[in-house]
Amino acid sequence: MIIAATLTEPTVKSPINNHFGHSPYFGIYNTKSKEFKLIENTFWKSSKEAGTLAADLLLKSNIEWIIAGRFGSKAIEQLCRNNIRMIIPNEGQTFEQLISLIKH
Amino acid sequence: MARNTKERLIGKAPSYKGMKPYGQQKRKDTEVLLFLEEYEAIRLFDYMSLSQTEAAQNMQVSRPTFTRIYQKARNKIAQSLIEGISIRFEGGHFTFSIEWNYCPDCQISYSVLPSNVRNCPFCNSISVTKSNPI
């Protein structure tokens with residue numbers, strides 16, 4: 001399974017960014033190969049449609065889950081249409097901690 | 001005792017709180033409360049041009065119930081237009097079309113996919129509660 005997360009810093013130890021569309025980096029983790037990949041969000045500063053553009057970017061990587069602190073309404077609509085599971089962790093949790101919670 | 005009103009599914013809530021009439025000499029204190037399910041009925045039927053049957057399926061109510069919700073919405077909007085009363089979007093019996101659950105062990109909220117089981121995706125625990133993180 002491929003999991004994406006919004007990151008504040010370009011490392012797996014980064015806390016989850018609070019806003020999906022305006023997050024500077026996305027981390028992509030493959031639970032099978034245990035591979036971690038970093039994507040730069042080129043749309044993070046755009047004032048309009050940042051969420052939908054970011055969702056398009058991530059859908060190209062065939063993600064199944066997305067972790068973020070908050071999602072905008074347009075991003076939710078788009079992610080729902082594509083059957084992506086959205087996950088909102090408690091504040092301060094890092095991507096690494098969340099990956100370690102997966103027990104299967 | 002009368003049966004409780006079933007919750008109607010809402011795809012999108014309005015991004016603003018209401019509407020005010022323009023150019024009135026005296027402001028009226030009254031306002032019309034347009035329920036969010038009524039707003040959704042207008043959005044599906046008039047704005048997205050769905051049929052009443054399709055719109056009813058979207059909101060998970062029967063076609064006659066949809067017609068009733070829609071008619072109430074029309075009446076309220078008409079009252080606001082004719083009498084110059086402001087509209088406020090508030091209240092009603094509704095739930096958002098995405099269901100969110102919370103797992104206390106992992107401390108995460110997650111969206112429940114239509115085809116999916118409700119267990120926590122991280123630890124597979126079944127002791128999860130409904131939540132509304134957004």
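Here is a chat about how the labels on this two-chain predicted model are earned.

Me: What should I keep in mind about the numbering and the model?

Reply: Residues are numbered from 1 along each chain as its sequence is written, while chains are lettered from A and ligands numbered from 1 in the order in which they are written. This is a predicted model, where local features need pLDDT of at least 70, side-chain atom pairs count only at pLDDT 80 or more, and totals for chains, interfaces and linings use all residues; side-chain values use heavy atoms, with hydrogens and water left out.

Me: Why is the B:Arg88 and B:Glu31 pair called a salt bridge?

Reply: A salt bridge needs a side-chain nitrogen of Lys or Arg within 4 Å of a carboxyl oxygen of Asp or Glu. For B:Arg88 and B:Glu31 the N to O value is 2.6 Å, so the label fits. B:Arg88 sits in strand 4 of chain B and B:Glu31 in strand 3 of chain B, 57 residues apart, so this pair links distant parts of the chain. Helices (H or I, at least four residues) and strands (E, at least two) are DSSP runs, numbered from the N terminus.

Me: What makes B:Arg88 and B:Glu31 partly exposed?

Reply: Buried means under 20% relative accessible area, exposed means over 50%, and partly exposed is in between (1.4 Å probe, protein chains only). B:Arg88 has 30% and B:Glu31 has 37%, so both get the in-between label.

Me: How do you know that strand 3 and strand 4 of chain B pair?

Reply: DSSP has to find at least two bridges between two strands. Strand 3 (residues 31–34) and strand 4 (residues 86–89) of chain B have four, in the parallel sense, so they pass. B:Glu31 stands opposite B:Ser86 there. Strand 3 of chain B also has a covered face, B:Val32 and B:Leu34, and an uncovered one, B:Glu31 and B:Leu33.

Me: Why do B:Glu40 and B:Arg43 count as a salt bridge, and are they buried or exposed?

Reply: Their closest N and O atoms are 3.1 Å apart, so the pair meets the salt-bridge cut-off. B:Glu40 and B:Arg43 are three residues apart in helix 1 (residues 36–47) of chain B, which means about one helical turn separates them. An α-helix has 3.6 residues a turn, so residues three or four places apart point the same way. B:Glu40 has 2% relative accessibility, so it counts as buried, and B:Arg43, at 17%, counts as buried too.

Me: What makes B:Arg74 and B:Asp46 a salt bridge?

Reply: The N to O value is 3.8 Å, so this pair also qualifies. B:Arg74 lies in helix 3 (residues 63–83) of chain B and B:Asp46 in helix 1 of chain B, so the salt bridge ties together parts 28 residues apart in sequence. B:Arg74 is partly exposed at 40%, and so is B:Asp46 at 37%. Elsewhere, salt bridges that share partners join B:Glu31, B:Arg88 and B:Glu90 into one network.

Me: How do you know that chain B touches chain A?

Reply: Contact means heavy atoms within 4.5 Å, and 21 residues of chain B are in contact with 20 residues of chain A. The area buried is about 1,800 Å², with carbon and sulfur atoms giving 61%; that is the accessible area (1.4 Å probe) the two parts lose on being put together, summed over both. The count of salt bridges between the chains is zero. On chain B's side, strand 6 and strand 7 each supply at least two residues, and strand 7 gives the largest share, five residues.

Me: What makes strand 7 of chain B a partner of both strand 6 of chain B and strand 5 of chain A?

Reply: Strand 6 (residues 99–103) and strand 7 (residues 108–112) of chain B run antiparallel and are joined by five bridges. B:Tyr102 has B:Ser109 as its bridge partner. Strand 5 (residues 85–89) of chain A pairs with strand 7 of chain B over three bridges, also in the antiparallel sense, and A:Pro89 stands opposite B:Ile108. Five and three both satisfy the rule for pairing, so both pairings count.

Me: Why is helix 1 of chain A called mostly covered?

Reply: Helix 1 (residues 50–59) of chain A has seven buried residues out of 10, among them A:Ala54, A:Leu57 and A:Leu58. Those seven fall under the buried cut-off, so the description fits.
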